[in-house]
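Hi,

Here's the structure I said I'd pass along. Have a look at it first, and my notes follow underneath.

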Amino acid sequence: EEFLYQEAHLLDEYRWREWLELLTEDIRYRIPTLEVRETADGAGERYRSEGLYLHYWDWDRRFLELRVRQFETGLNWSLIPRPVVQRMVTNIWIERADRADEVIAHSKIHVLQVRYGDKEDHWFARRVDRVRRVNGVWKLAERMVILASAVLPHTLDIFL
């Protein structure tokens, strides 16, 4: 829990370099797409991308580092002016992983992003994280962010 709270604080404070230190070298960060399809009986059916289907993000450490460098240029339109961001991490429960040095952390998140002082975007999701102990320190080895909505409220330009 403490690891997830620390991570949220670093991201809220735009401390991306410190956040990168919380990631393993083999990190995989995924946000799969979500669609609602009409079924024959007229009910909506939720469909989540898996395998070869599309993801909003399916990034490794190299791509995450490139994204941080892009943010740091000060030229990213989505960060001018810099929005206020507050993350809430809740409903955390931990389960054992296959490896002795890892755990699976399940959580729910609500991210509020306020632009220009009055434009609010809300992101709701559940996350499944693989957290690994590396040299005595917990690090994020894998993250799956499962968005609650099939429609994005804004450009997906923040780490969830």
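Which residues line the largest cavity? Before I get to that, bear in mind that this is a predicted model.

The lining is made up of Leu11, Tyr14, Trp16, Phe71, Leu79, Val85, Arg87, Asp157, Ile158 and Phe159. Sorted by class, that gives eight nonpolar and two charged residues, with no polar ones. The volume of this largest cavity comes out at about 70 Å³.

How many cavities of 30 Å³ or more does a search of the whole structure find? The answer is two. The second largest has a volume of about 30 Å³, and around it sit Trp77, Ser78, Ile80, Pro81, Arg115 and Tyr116. The class split for this second lining is four nonpolar, one polar and one charged.

I also looked at one residue in a strand, Arg30. It belongs to β1, which covers residues 23–32. Is Arg30 buried or exposed? Its relative accessible area is 13%, and because the cut-off for buried is under 20%, Arg30 counts as buried.

As for what surrounds Arg30, I left aside the neighbours within four places in sequence. That leaves contacts with His55, Trp57 and Asp58, and also with the run Glu142, Arg143, Met144 and Val145. When you open the model, you could start from Arg30 in strand β1 and then go on to the lining of the largest cavity, with Arg87 and Asp157 among its residues.

Cheers

Methods. Residues numbered from 1 in each chain as written. Predicted model: local features only at pLDDT ≥ 70, side-chain atom pairs only at ≥ 80, totals over all residues. Heavy atoms only, no water. Helix = DSSP H or I, 4+ residues; strand = E, 2+ residues; numbered from the N terminus. Buried < 20%, exposed > 50% of the residue type's maximum accessible area, 1.4 Å probe, protein only. Contact = heavy atoms within 4.5 Å. 1 Å grid on protein atoms, 1.4 Å probe; cavity = no way out; pocket = protein on both sides within 12 Å on 5 of 7 lines; lining within 4 Å. Points joined across faces, edges and corners; volume = space filled by probe spheres on them. Nonpolar A, V, L, I, M, F, W, Y, C, P; charged D, E, K, R; others polar.
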